[in-house]
Amino acid sequence: MDEKRDFQSGTVAADLRHVWHPYTQAETAPVPVEIVSGKGARLYAADGREFLDLISSWWVNVHGHAHPLIAAAISEQAAKLEHVIFADFTHRPAAALAARLAALAPQGLTRVFYSDNGSTAVEAALKLAVQYWRNRGAPERNRFVAFEGGYHGDTVGAMSVGAGCGFFAPYADLMFETALVPFPETWDGDNAAEEKEKAALAAAEQYFDKEGARTAALVIEPLVQGAGGMRMCSPGYLRRLAELARAAGVLLISDEVMTGFGRTGEMFASQTAGIAPDMMCLSKGLTGGFLPLGATLCTEEIFDAFRGENFGRAFAHGHSYSANPLGCAAALASLDLFEAGVWRERSAAIHARHRDFLLSLAGHDKVCRTRLTGTIAAFDIAGEKGYGAAVGAALKSAFLDRGLLLRPLGNVVYVMPPYCIEDADLDRGYAGIRDALNGLKD
Ligand SMILES: Cc1ncc(COP(=O)(O)O)c(C=O)c1O
């Protein structure tokens, strides 16, 4: 570590001396790359290197880096009102954004509770679910059921319902118990898909029969589990699971922090899958990837359960920066760009190109389980599995050497670009991936 520091100056030296990076083992991590600007799908480093952002910078960017319309909207808003307490006060960006999200969301999600990021959007949904039942005179409905392999963020509630992703062993004592049901992950040419879905539905049915009356909500990442390894399931399975939850009177929380804003083809994965959640969690792409903002959407029925004469029924939850006007202004500008509609064409083109790329990998001896949903393409590297698989670190570095920002999740390689990416850049990305794969030792 000290050696690393000795050879650096300026930003990187200060970083190595004082910064603690997320999800990073400082002892073994490479020196961080200093990025000074971005445009479209490209990022530019201080040392002159250029990187193609094929993972939308941790899945947040949708229209491209430093998009001038979003940058201008933030700047204009900052010159008028940077922030105001959101209890007892409101402002145009927050109200307008809530109305637009309600119009775009799956039917019935008409109320928006703002927070700061994806984890807090999930945390708010969990607390809302528990208090909803308490306020309705059913305090025994205080447990959650979630998917094996699911990830919902790093705060304690979000970790608890994401216990199945395997990242949280050191914090087990802090987490509340959550029941996990199987996630029937599937891939191209998977002959056992139907069988796995049947078994998963049977396990869910058994859970609801036994514990349904004590369960507040089922929490899911719809269609694609992100951090758990870009695992994908079929829309038909989700619809049947949602019916089981509904029949058991259990709320459905759709965590669309990753899948929201077009990643699966429709604006929200719940729409792609044809399910009607009672709550939906949003963040990441909400502001086009410019500013942290979270939103938990819920039905009027849930909102109404919190009305009453005393504060005891109210939702005692909020953040200093709830509904920050700059974040809301960025989100409105991002929605303007979505409404212009170009993303749909680009999304379809990216999907088709991803398909061809995955087909071209079909016979590769290192590649298995190719899969595709919307603009998210993924495959596994055969051999060691899991987030800790050494091949992930080796490939990440090989990709960077080729000017590609790609961060395999262990042995899972995935591509999730911003919609603005050009065909030629996508092809360059695919060629770089193929080249890096060919360079892997047996
Ligand atoms: C599905 C899902 N939920 C929640 C989160 C947490 O979001 P944040 O990192 O903004 O707290 C993530 C982050 O990757 C996510 O993928």
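A salt bridge is a side-chain nitrogen of Lys or Arg within 4 Å of a carboxyl oxygen of Asp or Glu. This is a predicted model, in which local features need pLDDT (the predictor's confidence in each residue, from 0 to 100) of at least 70, side-chain atom pairs count only at pLDDT 80 or more, and totals for chains, interfaces and linings use all residues. Residues are numbered from 1 along each chain as its sequence is written, and side-chain values use heavy atoms, with hydrogens and water left out.

Q: What makes the contact of Arg 100 and Glu 339 a salt bridge?
A: Their side chains meet at 3.2 Å, N to O; the limit is 4 Å, so the pair qualifies. Arg 100 lies in helix α5 (residues 92–104) and Glu 339 in helix α12 (residues 325–340), 239 residues apart.

Q: Why is Glu 339 called exposed?
A: Exposed means over 50% relative accessible area, buried under 20%, and partly exposed in between (1.4 Å probe, protein chains only). Glu 339 has 57% relative accessibility and therefore counts as exposed.

Q: Why do Lys 196 and Asp 190 fall into separate accessibility classes?
A: Lys 196 has a relative accessible area of 25%, so this residue is partly exposed. Asp 190, at 14%, therefore counts as buried. The two form a salt bridge, with their closest N and O atoms 2.7 Å apart.

Q: Why are the buried residues of α15 said to line one face of the helix?
A: Among them are Leu 426, Tyr 430 and Ile 433. Seen down the helix axis, the buried residues fall within an arc of 160° (taken from the directions from the axis to the C-beta atoms), so they line one face. The face turned away from the buried side carries the exposed residues Ala 424 and Asn 438.

Terms used
Helix = DSSP H or I, 4+ residues; strand = E, 2+ residues; numbered from the N terminus.
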